[in-house]
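These are my notebook entries on one protein chain and its ligand. I wrote down what I looked up, in the order I looked it up.

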Amino acid sequence: MTLAPRADFPLLERHPSLHYLDSAATAQKPRVVLDAIRAFYEEANANPRRGAYALSFEATQRYWSARETIARFLGAADPECLVFVRGTTEAMNLVAATAGREGISAGDNVVVTALEHHASFVTWQRATIEANAQFRIAELRPDLTLDVEHFASLLDARTKVVAVTHVSNALGLVSPVAELVALVRRRAPRAMIVLDGAQSAPHLPVQFDALGVDFYAFSGHKLGGPMGIGGLLGRKALLETMPPYQTGGDMIESVGDQVSTWNTVPFKFEAGTPNAADAVGLAAACEYLTGLGMARVRAHEVALLRALVPALTAIEGVTVHGPTDDAAFAMRSGAVSFELAEAHPHDLATILDQAGVAIRAGHHCCQPLMRRLGVSATARASVFVYSGEADVAALAGAVRHARAVFAGD
Ligand code: PMP
């Protein structure tokens, strides 16, 4: 059974035999999201926060209401803590270019993990190079979970930023955020904690206000919203002290001939005409998931993974990366990375595609992790609310077929 009817998703309805197992890359969009975007343009299209006429007020109101809905969905009581950006990549770049640039000096250090997506890894690597600071990478245990002791050993009084992925996109493992936050606060009191929520916002009930982190970055398209919209949730006090990210329309308070002053948070960070229609679409996706219930989304996905992982490991030649014992499912979410002996992941993905099974093959924007795994790529299957047992069965059947092809049976 799927949790959400496939019929809610026009693309899945159009392709009834498609087994879409690449939701970690981008999720399919429910009809309510497409309707909300269309309704914005048909009913309320005007430049928000600009015009002194009713239509512009309507656009402004819908844009603001989207911010309230999305902030509520992610457990942020104050919608002003939500800055709209294009997605996780831009959110991470925003923090690095503002708080990061101001806060990191020569001799300081930034701590990341070997699980980070390039959006985080490369952004902080570059920030440390520019600041002449150290870039420290917390390594993994042999079972590919984060080595928390090593992570702790990297923290000190000169640690200015700690960037951690909430859920690894390549392995689907959930990080022990509460434990990591407690360690950072104890050992690195001057550090800002940036959580990459690209893979947690769609799959876990997230309470930003209770996470104890300073920033949480996410992408709308991974939770059923449109591409090109996402957010940065930040602690208000920090956002207020940070310099602007980009300059331009609507992010100013006043512009003098020589100096300008900045608008309040979040507008200080939203220069130019906002992507209001997609913000409205993303809010519709959040409402759709709220209707399903995020606890049920989580339970559904864990149940699917409990079927998917053994279905794969039962096939000769298949190795699933990361822990697969019973206890592992408490820290598994969304995505499963695996190998088929003698088969390149790209060839495997091509054979699976012929059976209508869409999976991802590649380095998943995690080359540092791939190096540690000793591979250049993995195959990855990832699930969402419209995934069900039929998708798991199709995947297992197609991998068995591929195994026979590669083994020359
Ligand atoms: N971080 C993680 C963990 C991701 O999975 C992704 C998307 N693959 C990103 C960051 C980047 O997100 P986006 O491309 O939407 O900016």
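**Entry 1: a histidine in a loop**

I looked up His 364 and found it buried, because its relative accessibility is 1% and the cut-off for buried is under 20%. I note here that the model is a predicted one. His 364 belongs to the loop that runs between strand S14 (360-362) and helix H13 (367-373). I checked its backbone too: phi is positive, about 55 degrees, although His 364 is not a glycine.

**Entry 2: an asparagine with positive phi**

I then turned to Asn 132, which is not a glycine either and has a positive phi of about 60 degrees. I located Asn 132 in the loop between helix H5 (118-131) and strand S4 (134-138). Is Asn 132 buried or exposed? I put it down as exposed, because its relative accessibility is 58% and exposed begins over 50%. Beside this I set His 364 again, which counts as buried at 1%.

**Entry 3: the loop between S10 and H10**

I looked for a cis peptide bond and noted the one from Val 265 to Pro 266, with omega near 10 degrees. Pro 266 sits in the loop between strand S10 (260-262) and helix H10 (276-292). Asn 263 is also found in the loop between S10 and H10. I recorded Asn 263 as buried, because its relative accessible area is 18% and the limit is 20%. What does the side chain of Asn 263 have at 3.0 Å from one of its polar atoms? I found the backbone oxygen of Asp 250 there.

From the loop I went on to helix H10, where I picked Val 280. Val 280 counts as buried, with 13% relative accessibility. I also took a C-alpha to C-alpha distance: Val 280 and Gly 225 are 9.0 Å apart in space, with their positions 55 residues apart in sequence.

**Entry 4: around helix H2**

I looked up Thr 26 in the loop between strand S1 (19-20) and helix H2 (31-43). Thr 26 is buried at 16% relative accessibility. Its side chain makes a polar contact of 3.3 Å with the side chain of Lys 29.

In helix H2 I looked up Arg 31. I wrote down partly exposed for Arg 31, because 32% relative accessibility falls between the 20% and 50% limits. I found the C-alpha atom of Arg 31 to be 8.8 Å from that of Ala 7, and the two residues are 24 apart in sequence.

**Entry 5: two more distances**

Ala 311 is part of helix H11 (residues 294-313). I have Ala 311 as partly exposed, with a relative accessible area of 21%. I took the C-alpha distance from Ala 311 to Val 399 and got 9.9 Å, for residues 88 apart along the chain.

For Val 375 I noted a place in the loop between H13 and strand S15 (378-382). Val 375 is partly exposed at 23% relative accessible area. How many Å separate the C-alpha atoms of Val 375 and Gln 207? I wrote down 35 Å, with their positions 168 residues apart along the chain.

**Entry 6: the ligand**

I finished with the ligand, which sits in the largest pocket. I counted 13 residues around the ligand, and the closest are Thr 89, Asp 196, Gln 199, Ser 219 and Lys 222. What kinds of residue form the shell around the ligand? I sorted them into 2 nonpolar, 9 polar and 2 charged.

Next I went through single atoms of the ligand. One nitrogen atom of the ligand is 2.6 Å from an N or O atom in the side chain of Asp 196. An oxygen atom of the ligand has a polar side-chain atom of Gln 199 at 2.7 Å. I also noted Thr 88, where a polar backbone atom is 3.4 Å from an oxygen atom of the ligand. Last, I looked up how well the ligand is covered: taken alone it exposes 390 Å², and the protein buries 85% of that.

Key
Residues numbered from 1 in each chain as written. Predicted model: local features only at pLDDT ≥ 70, side-chain atom pairs only at ≥ 80, totals over all residues. Heavy atoms only, no water. Near = heavy atom within 4 Å. Polar contact = N/O pair within 3.5 Å; in protein donor to acceptor, adjacent residues only side chain to side chain. Areas by Shrake-Rupley, 256 points an atom, 1.4 Å probe, with all protein chains shown as cover. 1 Å grid on protein atoms, 1.4 Å probe; cavity = no way out; pocket = protein on both sides within 12 Å on 5 of 7 lines; lining within 4 Å. Sits in = over half its atoms within 2 Å of the grid points. Nonpolar A, V, L, I, M, F, W, Y, C, P; charged D, E, K, R; others polar. Helix = DSSP H or I, 4+ residues; strand = E, 2+ residues; numbered from the N terminus. Buried < 20%, exposed > 50% of the residue type's maximum accessible area, 1.4 Å probe, protein only.
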